[in-house]
Amino acid sequence: MTRTLPILAVALVLSIGAAASTAEAQAPQATKAVAASTTAVVTAVPVAPDYVIGPDDVLSILFWRDKDLSAADVTVRPDGKITLPLLNDVQASGRTPEQLGDAIREAARKYVEDPNPTVIVKEIKSRRVFITGRIEKPGLYPLNGRTTILQLIAMAGGLREFVDGKDISVMRNEKDKQTVFDFNYQDVVKKRYLNQNIELKPGDVVVVP
């Protein structure tokens with residue numbers, strides 16, 4: 001018995017060492033998994049300085065200390081409101097993320113002492129422009145920042161082969177009035193009449209005949 005005790009002790013030490021090494025090897029993986037999960041929750045899209053929330057935008061409302069009030073994925077309804085746990089309907093459309101955060105904070109004071117909500121913009125669907133016609137990739141494009149006609153054409157893959165782009169038009173509907181802007185691609189790429197390369201607004205439709 002006196003000879004087997006050291007052997008058992010050595011075996012026990014080796015077993016503990018192996019378990020510790022396994023735990024150390026697994027720790028970075030667990031940390032990465034938690035970090036990835038956290039990143040997925042708080043991932044935000046870039047927003048322009050003048051961005052205001054609109055219908056169909058997708059938001060995350062996070063209360064770091066009050067999880068029951070949080071909503072990881074909420075879409076702004078056509079009436080401009082979002083529904084949050086306990087707080088019910090809150091007006092979101094027409095407000096900046098900061099303004100919405102202030103409104104939620106004030107509403108949450110009824111339930112928690114010092115609420116600290118964070119508004120995260122996950123998807124911007126209210127600020128979109130359309131480009132159609134003889135373009136490589138016609139369709140719907142997000143307007144997350146200042147974008148000109150020429151930039152949108154580039155985003156859409158450029159003009160199709162043999163299209164000169166001299167008669168492109170931009171249709172804009174504001175206050176129930178439709179305005180049409182002319183755009184000559186050849187002029188702009190030759191640095192002539194650059195004022196026609198206007199900045200696009202949400203809802204604009206670019207037509208490439």
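User: What makes strand β8 (residues 168–174) and β9 a pair?

Analyst: They're joined in the antiparallel sense over seven bridges. Two strands pair if DSSP finds at least two bridges between them, so β8 and β9 count as paired. Strands here are DSSP runs of E, at least two residues, and helices are runs of H or I, at least four, numbered from the N terminus. One of the bridges links Asn-173 to Gln-178 in β9.

User: Is this model predicted or not, and how are things counted?

Analyst: It's predicted: local features need pLDDT of at least 70, side-chain atom pairs count only at pLDDT 80 or more, and totals for chains, interfaces and linings use all residues. Residues are numbered from 1 along each chain as its sequence is written, and side-chain values use heavy atoms, with hydrogens and water left out.

User: Which sheet has five strands, and in what order?

Analyst: An open one with mixed pairing, running β7-β6-β10-β8-β9. Its edge strands, β7 (139–142) and β9 (177–183), each pair on one side only.

User: Why are β2 (71–75) and β5 (117–123) said to stand at the edges?

Analyst: The three-stranded open sheet goes β2-β1-β5, with antiparallel pairing. β2 and β5 each have a single partner strand, so one side of each is left without a neighbour in the sheet.

User: What makes helix α2 (residues 97–108) a neighbour that packs on the sheet?

Analyst: Helix α2 touches β1 and β5, where contact means heavy atoms within 4.5 Å. The direction of α2 makes about 135° with that of β5; axes are lines fitted to C-alpha atoms, for helices over the stretch in contact, and angles run from 0 to 180 degrees between N-to-C directions.
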